[in-house]
Amino acid sequence: MNAPLLQVEQLDCVVRQAGVLTGDADLAVLQQLDFSLQRGRILGLVGESGCGKSMTGNAILGLLEPPARIVRGRILFDGVDLLQQDEAALRGLRGDRIAMVFQDPMMTLNPVLRIDTQMIEAIQAHHPLPRKQALARAATALAQLGLHDPQQRLREYPHQLSGGMRQRVAIAIALLNQPALLIADEPTTALDVTTQRQIVQQVQALCREQGSALIWISHDLALVSSLADEICVMYAGRIVERGPVQAVLQQPRHPYTRGLIDAAPAGHVPGQPLPQIPGNVPLPPPLSQAGRGCAFAPRCGYASARCGETEPAPPEQAVSATHRATHPATHHATHRATQRVRCHHPLVYSADGATEAITP
Amino acid sequence: MSARELLRGFQRSHLAMAGLSLLALLLLLALAAGVIAPQNPYDLAQLDITDGRLPPGERLGSGALALLGTDDQGRDMLSAILYGLRISLLIGTGSTLLALAIGLTLGITAAWHGGWIDALIMRVADIQLSFPAILIALVLLAVFGQGSDKILLALVAVQWAYYARTVRATALVERGREYIEAARCLALPGWRILLWHLLPNCLPPLIVVATVQVASAIALEATLSFLGLGLPITEPSLGLLIANGFSYLLSGKYWISLFPGLALLLLIVSLNLVGDRLRDLLDPRLQ
Amino acid sequence: MTAAANQNHSISAPLLQLQEVSLRYGDKSKISFKSIGYDKYSGPAVDQVSLQLAAGETLGLVGESGCGKSTLGRIAAGLLLPDSGQRLWCGEDVRQLDAAAQRRARLDVQLIFQNSHAALNPRLRSEQLIGEAPVVHGLIRASERRDWVIQLLQRVGLDASHIDRYPHQFSGGQRARLGIARALAVQPRLLICDEAVAALDVSVQAQVINLLLSLRAEFGLSMLFISHDLDVVRHLSDRVLVMHAGQIVESGATESVYHQPQHAYTRSLLESIPRLARI
């Protein structure tokens with residue numbers, strides 16, 4: 001068994017909110033985050049706005065700034081706990097072994113520098129390479145992302161490029177040093193579907209080719225399903241379900257995942273009401289009130305009294321509990337042991353996969 | 001943002017809270033000047049020239065305590081400062097409010113109508129702003145003569161352009177917002193959209209500019225009075241009081257200039273603290 | 001006699017008709033609101049577009065960013081005037097009508113916006129936000145305003161207690177509902193939804209789509225549904241127009257466009273949508 005490239009263990013993260021009358025309060029934004037990623041694999045991190053998915057990406061990158069901070073947990077990258085590293089060590093990693101792409105490419109690109117200057121800098125910051133070689137490598141990287149006439153693009157400034165081209169350049173810069181891990185935070189959300197498809201395909205192919213692992217953060221389940229090997233579904237700062245993409249999307253075991261899939265209009269009879277999840281995504285609770293019951297319970301059609309009282313254990317533990325054979329769903333669960341869910345009443349499917357029932 | 005949220009925002013910053021409390025105290029003192037001042041410094045009958053230049057803590061001929069000393073006219077400094085504070089604040093806020101009203105009207109008209117009206121108003125504002133405020137005020141006072149109404153006019157003349165510019169810039173942005181489009185879609189009358197939808201959304205940046213402008217108007221008035229072009233000597237503002245004592249500074253009679261100077265400093269600093277905090281709270285980009 | 005003929009004419013005419021409308025960059029956009037009329041138009045162009053919308057019909061308008069679909073939506077709403085071509089409402093040029101009829105015709109078409117935050121005046125409480133226009137136009141009396149607004153709030157799935165709240169006190173989904181209630185308040189016949197659900201999370205998006213579906217059925221509303229999201233458009237529309245670079249490249253019944261796209265651009269759009277394998 002290989003050690004995973006990235007292992008996030010029991011990560012808790014809070015945001016301090018100033019209050020005059022109540023005093024400062026810590027809001028629990030990430031709770032007991034637990035997942036791992038093998039080398040060269042692609043993980044889709046999915047959730048609605050405010051569920052903490054971007055914050056997860058930033059936490060891994062060491063980019064969390066006050067008022068947000070990590071209060072507990074470990075982030076092991078290649079066996080090294082990133083939370084114990086100093087800023088200099090992290091800077092050495094970022095842009096080299098761990099790279100990132102944001103929704104707005106201008107987070108990466110400097111508007112007053114030409115593309116070639118920025119790309120050469122990105123290479124030479126980590127590798128002592130002569131200018132000429134660095135330039136060649138930059139041109140290759142742009143060509144790999146489907147940019148026409150890379151030599152010309154290199155001589156241009158970011159504002160001369162279209163939104164899609166800018167994002168391609170930002171991705172090319174991220175992949176320049178063949179990172180072991182690329183974290184992409186909604187990189188195609190602002191782009192048109194045709195551009196999005198091309199970029200997704202190119203990034204997927206490049207990561208496979210270079211052996212880079214990829215965390216693709218997105219609100220779009222369908223997009224992630226076309227790209228990722230594994231998926232983590234987040235809700236209200238927790239991972240509520242994770243596992244292989246096909247398993248999770250075809251037989252989701254968390255009612256929230258089920259609801260998300262069903263709420264998308266694709267595949268429903270036009271003009272008919274869509275199955276909807278009632279209510280709204282909750283705001284992060286104060287730390288003192290966190291963990292009182294399942295966060296999804298108020299919107300969940302399957303919630304029981306227990307759901308309102310105790311929070312389901314995080315996926316890792318839930319599975320080991322399942323293996324203890326005390327759980328009725330055990331025998332079903334074993335053949336997809338890697339699909340894990342944080343729920344008191346996970347959905348189960350009969351053998352033909354057609355019907356579903358709820359475990360008591 | 002409601003008044004309550006604003007107050008909370010102030011409470012988050014100790015400095016801003018100190019500024020706000022100080023400003024409230026100064027306002028209260030100025031408002032109550034007629035009641036709490038030991039003497040009416042404008043009533044020449046109450047003044048006795050033999051009380052002139054008494055150091056702080058001495059007693060006047062009438063037996064009253066001159067806590068902060070007296071000036072060369074025999075005015076009790078504390079009373080003079082309280083009344084001076086009142087007149088400085090009155091002229092500062094008065095001119096600011098007038099300039100605000102004029103600038104707001106002109107600025108929003110420019111943004112709403114555009115075309116040559118916009119060009120005309122904004123070019124006049126540009127020309128106005130290209131001269132130093134003090135120069136314009138000096139010229140105006142030289143032409144019109146002295147008096148509190150004249151200085152008010154001069155201060156309005158140098159200030160309106162700031163508001164016109166600010167409100168025009170804001171209105172241009174707000175005008176393009178979808179809620180204005182929605183109001184048009186609802187076939188609401190143009191004047192209604194202007195007054196009820198556009199105008200209220202242009203106010204926050206103006207309030208910020210106004211707070212800071214009150215401080216600079218007070219400072220400008222003090223400067224003009226110090227130069228002898230502002231208020232008459234019978235109704236001294238803070239600036240004139242400072243000017244009065246200026247010639248006695250070197251002879252050790254520090255109190256005639258120092259105390260009004262301190263009052264002016266506190267007033268301007270507190271206004272600026274409040275203005276800065278207001279800007280932070282009302283400008284979403286700085287949140 | 002002529003009146004009867006006219007009557008006949010307006011019954012048989014489509015609700016909304018655009019005939020070869022164009023608006024190009026740099027053209028003077030004679031926004032039908034004279035006080036803002038001085039700008040040069042600077043949005044995406046629309047080039048010789050014609051469309052018809054029958055009463056009770058929902059027309060989908062899909063295209064990528066910058067293709068001119070929002071501009072076309074605003075021309076359809078009467079907010080932007082094309083510099084060539086005609087816009088006919090019930091077969092008539094609205095500008096030729098008398099004041100009362102013109103106002104009714106304007107109220108008959110309402111826009112639902114994408115950015116529910118910018119589309120709601122931040123300084124107005126729900127009551128005024130929704131109740132202002134119907135009172136101004138005499139649809140209801142000022143004394144009836146509160147009840148009218150409460151009724152609308154409840155109809156769009158909000159609560160009567162929301163009537164004194166400001167827009168920022170609502171969530172994104174609730175603000176979308178507020179925008180819909182504001183439009184409904186003037187009893188329109190056509191809703192133009194410009195990316196009305198694009199900014200919403202999937203779970204909330206489904207709620208709003210369902211709301212639009214039920215309102216359409218209840219009030220017999222027509223809709224022009226503008227979106228980049230082909231799945232959403234498909235779910236709501238009877239007919240679809242595909243727009244590219246200011247022109248309509250394909251139009252037809254929704255299912256036939258989705259199943260047998262004729263134009264290469266439509267095909268590439270359809271192929272690009274990420275698909276979720278369903279059980």
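# A walk through a predicted three-chain model

P67(A) is found in the loop of chain A that runs between α1 (53-61) and β4 (68-77). In this model, which is predicted, the peptide bond leading from P66(A) into P67(A) is cis, with omega near 10°. The chain that holds this bond contains 13 helices and 13 strands, and of the 360 residues in chain A, 45% are buried. Among the contacts in chain A with a separation of 6 or more, 66% join residues 24 or more positions apart.

Within chain A, one pair of helices can be followed in detail. Helix α6 (residues 163-175) of chain A packs against helix α7 (residues 193-210) of chain A at an angle of about 10°, and the two axes are 11 Å apart. Because an angle under 35 degrees counts as roughly parallel, α6(A) is described as roughly parallel to α7(A). On the side of α6(A), the residues that meet the partner helix are G164(A), Q167(A), R168(A), I171(A) and L175(A), and on the side of α7(A) they are T195(A), I199(A), V203(A), L206(A) and Q210(A). Sorted by class, the contact of α6(A) with α7(A) consists of five nonpolar, four polar and one charged residues.

Chain B is built on another plan, for it has eleven helices and zero strands. Its C-alpha atoms fill a box of roughly 75 × 45 × 30 Å, taken along the principal axes. Of the 287 residues in chain B, 47% count as buried, and residues 24 or more positions apart account for 67% of the contacts in chain B with a separation of 6 or more.

A helix pair in chain B offers another packing geometry to examine. Helix α6 (residues 133-144) of chain B and α9(B) pack at an angle of about 50°, with 11 Å between their axes. This angle falls outside the ranges for roughly parallel, roughly perpendicular and roughly antiparallel, and α6(B) and α9(B) are therefore oblique to each other. The crossing in which α6(B) passes α9(B) is right-handed. Here A133(B), I134(B), A137(B) and L141(B) of α6(B) meet L220(B), T223(B) and L224(B) of α9(B), and the residues of this contact divide into six nonpolar, one polar and no charged.

The loop between α8 and α9 of chain B holds A187(B), a residue with a positive phi of about 55° although it is not a glycine. Is A187(B) buried or exposed? A187(B) has 21 C-beta neighbours inside 10 Å, and because 20 or more are enough for a residue to be buried, A187(B) counts as buried. Chain C has a residue to set beside it: A245(C), in the loop between β8 (239-244) and β9 (247-253) of chain C, has a phi near 50°, again a positive value in a residue other than glycine. A245(C), however, has 14 other C-beta atoms within 10 Å and is partly exposed.

The contacts between chains come next. Where chain B meets chain C, 20 residues of chain B are in contact with 24 residues of chain C. On the chain B side, the elements that give two or more residues are α4 (77-113), α8 (178-185) and α9 (190-226), and of these α8(B) gives the most, with six residues. The side of chain B that touches chain C is made up of eight nonpolar, six polar and six charged residues.

The contact of chain C with chain A takes 30 residues from chain C and 34 residues from chain A. On the chain C side, α7 (202-219), α8 (230-236) and α10 (264-272) each supply at least two residues, and the largest share, nine residues, comes from α7(C). By class, the side of chain C that touches chain A has twelve nonpolar, twelve polar and six charged residues.

In soluble globular proteins, nonpolar side chains tend to be buried together. In this model the largest nonpolar core has 264 residues, of which L182(A), W216(A), V233(A), L85(B), Y163(B) and L224(C) touch the most other members. The largest share of this core, 18 residues, comes from α4(B). Leaving aside neighbours within four places in sequence, V233(A) is in contact with residues including V46(A), G47(A), I239(A), V240(A), V248(A), H254(A) and Y256(A).

Key. Residues are numbered from 1 along each chain as its sequence is written. Chains are lettered from A and ligands numbered from 1 in the order in which they are written. This is a predicted model: local features need pLDDT of at least 70, side-chain atom pairs count only at pLDDT 80 or more; totals for chains, interfaces and linings use all residues. Two residues are in contact if their C-beta atoms, placed from the backbone, lie within 7 Å. Helices (H or I, at least four residues) and strands (E, at least two) are DSSP runs, numbered from the N terminus. Ala, Val, Leu, Ile, Met, Phe, Trp, Tyr, Cys and Pro count as nonpolar, Asp, Glu, Lys and Arg as charged, and the others, Gly among them, as polar. A nonpolar core is a set of buried Ala, Val, Leu, Ile, Met, Phe, Trp, Tyr and Cys residues joined through C-beta atoms within 7 Å. A residue is buried if 20 or more other C-beta atoms lie within 10 Å of its own, exposed if 12 or fewer, and partly exposed in between; C-beta atoms are placed from the backbone. Axes are lines fitted to C-alpha atoms, for helices over the stretch in contact, and angles run from 0 to 180 degrees between N-to-C directions. Angles under 35 degrees count as roughly parallel, over 145 as roughly antiparallel, 65 to 115 as roughly perpendicular and the rest as oblique. A crossing is left-handed if the near helix is turned anticlockwise from the far one by less than a right angle, and right-handed if clockwise.
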